[in-house]
Amino acid sequence: MPHSTDHLPHPAPTPARRRDVSDLFSGGRLTAIPRRAARREQLLVHLTETFFAVDREYTEPEVNDALRTVHEDCSALRRYLITAGLLTRTRDGRSYRRSTTTR
């Protein structure tokens with residue numbers, strides 16, 4: 001009978017295996033928003049952990065101001081954070097929160 005490893009759990013990514021995002025920055029500014037989804041996800045997680053506390057609400061101008069410190073296209077970064085589920089937004093768009101789900 002052939003042996004299959006499909007039933008075994010895959011190892012979780014470890015911090016040592018996770019690529020650093022520092023190469024995406026120059027002088028504290030983001031040089032470009034990565035096109036590759038996996039690399040962009042790493043950046044978004046970094047931005048979320050850097051700028052947004054877990055138990056705090058933010059206004060859209062506060063989110064924009066924080067993101068603008070690293071890149072001019074704060075609206076694109078904000079949309080990516082929402083789409084990735086890292087930030088949540090109220091229906092009226094007035095309030096943002098860091099997601100409580102872990103990755």
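Is G93 buried or exposed? G93 is buried, with a relative accessible area of 16%. This is a predicted model, and G93 is one handy place to start looking around in it.

You'll find G93 in the loop between β4 and β5. Its C-alpha atom is separated by 8.3 Å from that of T59, although the two residues are 34 apart along the chain.

## The overall layout

Let's step back to the whole chain. The protein chain has 103 residues, and 33% of them count as buried. There are 3 helices and 5 strands, and reading along the sequence gives the pattern β-β-α-β-α-α-β-β. If you take the contacts between residues at least 6 apart in sequence, 46% of them join residues at least 24 apart.

## The nonpolar core

Now for the inside. The largest nonpolar core has 22 residues, and the members that touch the most others are F52, V63, L67, L77 and L81. Three elements each give two or more residues to this core: α1 (37-51), α2 (60-68) and α3 (74-83). As a bit of background, nonpolar side chains in soluble globular proteins tend to be buried together.

L67 is a good residue to click on here. Leaving out residues up to four places away in sequence, L67 touches L47, F51, F52, C74, L77, R78 and L81.

## How α1 meets α3

Two of the helices are worth following as a pair. The axes of α1 and α3 come within 10 Å and cross at roughly 95°. That angle makes α1 roughly perpendicular to α3. On the α1 side, the residues that meet α3 are R40, L44, L47 and T48, and their partners in α3 are L77, Y80 and L81. Sorted by type, the residues of this contact are 5 nonpolar, 1 polar and 1 charged.

What about R40, the arginine in this contact? R40 sits in helix α1 and counts as buried, at 17% relative accessibility. Not counting residues up to four places away in sequence, R40 touches I33, P34, R35 and Y80. The C-alpha atoms of R40 and A84 are separated by 9.8 Å, with their positions 44 residues apart along the chain.

The helix α3 has several buried residues: C74, A76, L77, R78 and L81. These buried residues pack against β2 (29-30), α1, α2, β4 (87-89) and β5 (96-98). Just after α3 comes G85, which takes a positive phi of about 80°.

## A cluster of rings

Which residues form one aromatic cluster? They are F51, F52 and Y58. The count comes to 2 aromatic pairs, and here is how the rings are placed:

| Pair | Centre to centre | Angle between planes | Arrangement |
|---|---|---|---|
| F51 and F52 | 6.3 Å | 65° | edge-to-face |
| F52 and Y58 | 5.1 Å | 85° | edge-to-face |

A pair of aromatic rings is described by the distance of the centres and the angle of the planes. For F52 and Y58, the planes are at 85°, so the pair is edge-to-face.

The members of the cluster can also be sorted by how covered they are. F52 is buried, with a relative accessible area of 2%, while F51 is partly exposed at 23%. Why does F51 not count as buried? Buried means under 20% relative accessible area, and F51 has 23%. Y58, like F52, is buried.

## The loop between α2 and α3

One last stop takes us to T69, which lies in the loop between α2 and α3. T69 is partly exposed, with a relative accessible area of 46%. Leaving aside neighbours within four places in sequence, T69 is in contact with G28, R29 and F51. So F51, a member of the aromatic cluster, turns up again here as a contact of T69. The C-alpha atoms of T69 and R29 are separated by 7.3 Å, and these two residues are 40 apart along the chain.

How values were computed. Residues numbered from 1 in each chain as written. Predicted model: local features only at pLDDT ≥ 70, side-chain atom pairs only at ≥ 80, totals over all residues. Heavy atoms only, no water. Core = buried A, V, L, I, M, F, W, Y, C linked by side-chain atoms within 4.5 Å. Buried < 20%, exposed > 50% of the residue type's maximum accessible area, 1.4 Å probe, protein only. Helix = DSSP H or I, 4+ residues; strand = E, 2+ residues; numbered from the N terminus. Contact = heavy atoms within 4.5 Å. Axes fitted to C-alpha atoms, helices over the stretch in contact; angles between N-to-C directions. Parallel < 35°, antiparallel > 145°, perpendicular 65-115°, else oblique. Nonpolar A, V, L, I, M, F, W, Y, C, P; charged D, E, K, R; others polar. Phe/Tyr/Trp six-rings, centres within 6.5 Å; stacked < 30°, edge-to-face > 60°.
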